[in-house]
Amino acid sequence: MITKRLLVSACGVVGLSRNLQLKVYPSSHNIPLHNFHVFKRFPTSSLLFNLPFLIRFHHLKVKPFSIHYLTHPLSSSSSLLHSCKNLQTLKQLHASLILSSGNFLPTSLASSLITLYAHFTDLESAVLVFKSLKHPDTIAWNLIIKSHVDFAYPDKALLLYRNMRKQNVKHDRFTFPIINRAVLSSASADANTAKVNHCVAVKMGFGFDLYFGNTMVEVYGKCGCFTDAFKLFDEIFERDLVTWTSIISGCFCEGDNVRAFTLFNKMRMEMQPNSVTLIVLLQGCSQWGALVGGRLMHGYAIRSGVLVDGLVQNSVLKMYTKMGSVEEVETFFTEIRQRDTVSWNTLISYYSLRGDVGEVADRFCKMQHEVKVSTQTLTLVISAFAKSGDLSQGEKLHCCAIKLGLHDDVFQTSLLDFYAKCGMLKNSVLLFRRISSRNSIAWSAMLSGYIQNGFFMEAIALFKEMQAAGLHPGAEILGNIVNACIHLGGLQTGKEIHGYSIRNMFHGHEKEGTFVELETSILNMYIRCGSISSARTCFSRMLVKDIVAWTSMIEGYGIHGLGSDALDLFDQMLEEGVTPNGVTFLSLLAACSHSGLVSEGCNVFHSMKWRFHIEPDLDHYTCMVDLLGRAGKLKEALATIMKMMAFPDSRIWGALLAASRVHGHRKLGEYAAQQLLELEPDNVGYHTLLSNVQASTGRWAEVEEVRRAMFGKDLKKQPGWSYIEENGHIHCFVSGDKSHNDVHRIYQVLACLIRKTQELDIIQRTSC
């Protein structure tokens, strides 16, 4: 046990005792007092390097082995290190090595410590060991770089390699393969990085090393440098299974299935493919939908005897779940004699993607009788229940997970999403707060949960909490917040999101498609929040405009009554070679309707069918009825309904009813209302609209009859909310609302505005 006196003695030597605060823990080992003064004969530099370990071990309550147990500490410690079965034992032995050795640990022992700490998932300690070395050798550099790659920190690994190069550390045949792994995993690495590493390796004399050559072929293939990959492949004289498998994998990355199978046939002439080669081929067939090729590989696996490998069996099963029929999937699954967790997970995932929740639940129950379930299994099943909204089944699964003691952050996030989709937002919030290390997926799931359930203010508050925590949201999270701003009318917050995206996303590594979606969401935000000028500027600055962006801008012009601008933009879109779709014409017809452009709207409808060969659907006919109805052409609107092939729904009759009310056509309005109430007898909005039509012509008896019918059916119209943003704060109101803090001032201003309006109306009447 490292006691307070021991550490204070060490800190006194290096002058740190004043800043050290330690707690004394009871010791189960009696360490002689003369050991407290052992540090006096150690070099100060050694203590400075090892002190972080001592303090860390002390606060972790690690008990080192007695110093007397290590008679020959440096000679026997290597075998002792490799005998460690867990992280606690390793730290005990490490602490003892520090206490027993007055100088720096030998590089060989340090390398063993780095390997073992990485094995026990303690990267921080591995880094501390590496930093304690005065002059790390090649092995130590390789190990610390490899550890960062294994822990999914490829960019840090590449940074370490740059430092290794600056210090002119000698490379060995394992250095460049490790760097190639980092390149494959890094989002910032590209083909140029791969080519530079290749040149450096050749100059250092590793150009003919088979291990390096195999990894280089893989890197070139996955970075898109297929010409370089095949050139290097041809230059390798003694190719092994890894070489052939790497080049075949590269062909699938390029999408060249024919060449992949041609190389496979050539490979069979030189050597027998192994299970890894078969797995790569099966994965390639699954990726590119090559069902025939997948079946051929299945047959080859049977003939060659490779199918006995469990990994190959699971790859064949996954191939059939991607492309095959239900019969093929079920048949092969029953043929697998020793099904493991992966086999069951693959089958459950298959039925989940098909939306067959009943089969998912049934297979999950059967799986528990055969193999142990994993957190991945629970994640797959809860995701299926989330799609169906089956709260009862999901809660049972949650209880099952608690009983089994299976939970990780991924499953917690899936549970969070499940409860949010089932409307149990309190449970989602509770799970979110329990997630130890929240990644972008967890934050995005919680934000989506708030937005799906209408808690837009809470979503924006959570986003600000995320920023305060120093996290950098991606395009998906920003898109969710923009959607919340659209619902709230939060223009100022939306502008802040837009500014953040400009400052961060253009220089990041976001996928192009994802960023285009975010830009389109921001464009819609400006449109919905009433700033058409900002929307126009945002649209003009978009580097990539897909059909969704063009359609959104056309719709925006229509919403703001700028039908002529919408038509001009449509012509510009055609000049730039963008082909419109049905949604584009729907937005264009709506724009003509809101601006009263009857002839232009009719021309658009005609060109849609005869020039662009897009058959109008019910939504397009509804827009035409609205267009004609707003212009007072009620007979033409009715004729449009009667002539169309599709069966009219409530929306199209609602458009005709609204137009009849505006233009005072009582008979047509009653006819449309009759059709509406036959389709949706419990729609309170249509009852209210019919009541208003009858009230406009003074038929109060009919109005009272409609009101009684509404009361008898207990139909109540939900009040609509209004939002207004002021100095970054969003205020919510409902009709007749008096809950606001400044309600008296608001109603005073409202009364003043009403008086002004009435005075202006009187002035206009008298002037006539």
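This report walks through one helix, one buried threonine and a few salt bridges in a predicted model.

**Helix H10**

Let's start with H10, which covers residues 191-203, 13 residues in total. From its first C-alpha to its last, H10 reaches 19 Å, close to the 18 Å expected at 1.5 Å a residue. Some of its residues are tucked away from the surface: Ala191, Ala194, Asn197, His198, Val200 and Ala201 are the buried ones. What do they pack against? Their partners are four helices: H8 (154-166), H9 (175-185), H11 (210-222) and H12 (226-235). A bit of helix geometry helps when you look at that list of buried residues. An α-helix has 3.6 residues a turn, so residues three or four places apart point the same way. After H10 comes Gly205, and its phi is positive, near 95 degrees.

**Thr584**

Further along the chain, have a look at Thr584, which sits in helix H33 (residues 582-595). Is Thr584 buried or exposed? Its relative accessible area is 0%, so Thr584 counts as buried. If you skip its neighbours within four places in sequence, the residues touching Thr584 are Ile547, Thr551, Ile554, Phe570 and Met573.

**Salt bridges**

The model has 20 salt bridges. Here are some of them, with the N to O distance for each pair.

| Acidic residue | Basic residue | N to O distance |
|---|---|---|
| Glu330 | Arg363 | 2.7 Å |
| Glu370 | Arg339 | 3.1 Å |
| Glu555 | Arg528 | 3.1 Å |

Take the bridge between Glu330 and Arg363. Glu330 belongs to helix H18 (residues 326-335) and Arg363 to helix H20 (residues 357-368), so this pair ties together parts that are 33 residues apart in sequence. Glu330 is buried, at 18% relative accessible area, and Arg363 is buried too, at 11%.

Next, the side chains of Glu370 and Arg339 meet in a salt bridge. This pair links distant parts of the chain, 31 residues apart: Glu370 is in the loop between H20 and helix H21 (375-388), while Arg339 is in the loop between H18 and helix H19 (341-353). Glu370 is partly exposed, with a relative accessible area of 37%.

The last row pairs Arg528 with Glu555. Arg528 is in helix H29 (residues 512-528) and Glu555 in helix H31 (residues 547-559), so the bridge ties together parts that are 27 residues apart in sequence. Both ends are partly exposed: Arg528 comes in at 43% relative accessibility, and Glu555 at 27%.

Finally, which residues do shared salt-bridge partners join into one network? They are Glu330, Glu359, Asp362, Arg363 and Lys366.

How values were computed:
Residues numbered from 1 in each chain as written. Predicted model: local features only at pLDDT ≥ 70, side-chain atom pairs only at ≥ 80, totals over all residues. Heavy atoms only, no water. Helix = DSSP H or I, 4+ residues; strand = E, 2+ residues; numbered from the N terminus. Expected span 1.5 Å × (residues − 1). Buried < 20%, exposed > 50% of the residue type's maximum accessible area, 1.4 Å probe, protein only. Contact = heavy atoms within 4.5 Å. Salt bridge = Lys/Arg side-chain N within 4 Å of Asp/Glu carboxyl O.
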